[in-house]
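Okay, can everyone see the screen? Let me pull up the model and walk you through how a few of its pieces pack together.

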Amino acid sequence: MNISDPTETFRQEARELLDQLEAGLLDLEQDPSNSDLINSAFRALHTIKGSGAMFGFTAVAEFVHEFETAFDRVRKGQSQANTALIGVALDAKDHIHRLIESPDAQIDGGEQILADLRVIVDGGAI
């Protein structure tokens, strides 16, 4: 596949953003109140969502929209970053990767990840 293919360009950029997201989440686990890390995670998700929608990766955009919403709540101080959130966020990051690599496949597990994210940001335990 030619790297000038727009969908391949999106995939490459999304992979890089997912790598940055993973590193930031792991750092955030050690420093959960670090607003720079929280904002960085939010921006990576926002970019993946927008680019995914633009390049026709609808499942990616829809999934990331809810993931991004969870981090927006953390960013606004409505929820706290904690070990549970980081764990589910890492699962969500892996799910996004699968959606990007196999956009036509039926990838299960996303609804449960999003449900877990909602519970955590609402202050519950999973």
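So, which hand does the crossing have where helix 3 passes helix 5? It's left-handed, and by that I mean the near helix is turned anticlockwise from the far one by less than a right angle, with clockwise being right-handed.

Quick housekeeping. This is a predicted model, so local features need pLDDT of at least 70 and side-chain atom pairs count only at pLDDT 80 or more, while totals for chains, interfaces and linings use all residues. Residues are numbered from 1 along each chain as its sequence is written, and side-chain values use heavy atoms, with hydrogens and water left out.

Helices here are DSSP runs, H or I, of at least four residues, and strands are E runs of at least two, numbered from the N terminus.

Back to helix 3, residues 58-75. The axes of helix 3 and helix 5 come within 10 Å and cross at roughly 15 degrees. That makes the two helices roughly parallel; angles under 35 degrees count as that, over 145 as roughly antiparallel, 65 to 115 as roughly perpendicular, and the rest as oblique. The axes are lines fitted to C-alpha atoms, for helices over the stretch in contact, and angles run from 0 to 180 degrees between N-to-C directions. On the helix 3 side you've got Phe63, Glu66, Phe67, Ala70 and Arg73, meeting helix 5 residues that include Leu114 and Arg118. Contact means heavy atoms within 4.5 Å. The split is seven nonpolar, one polar and three charged. For the record, Ala, Val, Leu, Ile, Met, Phe, Trp, Tyr, Cys and Pro count as nonpolar, Asp, Glu, Lys and Arg as charged, and the others, Gly among them, as polar.

Now swap in helix 4, residues 83-101. Helix 3 and helix 4 cross at roughly 160 degrees, with axes coming within 10 Å, and are therefore roughly antiparallel. Again, the crossing is left-handed. Among the residues making this contact are Phe63, Phe67 and Phe71 of helix 3, and Ala92, His95 and Leu99 of helix 4. This one divides into 13 nonpolar, one polar and one charged.

Last pair: helix 4 and helix 5, residues 110-121, pack at about 155 degrees with their axes 10 Å apart. That makes helix 4 roughly antiparallel to helix 5, and their crossing is left-handed. Asp91 and His95 of helix 4 take part, as do Asp116 and Ile120 of helix 5. Here we get eight nonpolar, two polar and two charged.

And what about a pocket? The largest one holds about 210 Å³. Of its 13 lining residues, Ala59, Phe63, His95, Leu99 and Glu111 are the closest to its centre. Helix 3 gives the most to that lining, with four residues.

Key:
1 Å grid on protein atoms, 1.4 Å probe; cavity = no way out; pocket = protein on both sides within 12 Å on 5 of 7 lines; lining within 4 Å. Points joined across faces, edges and corners; volume = space filled by probe spheres on them.
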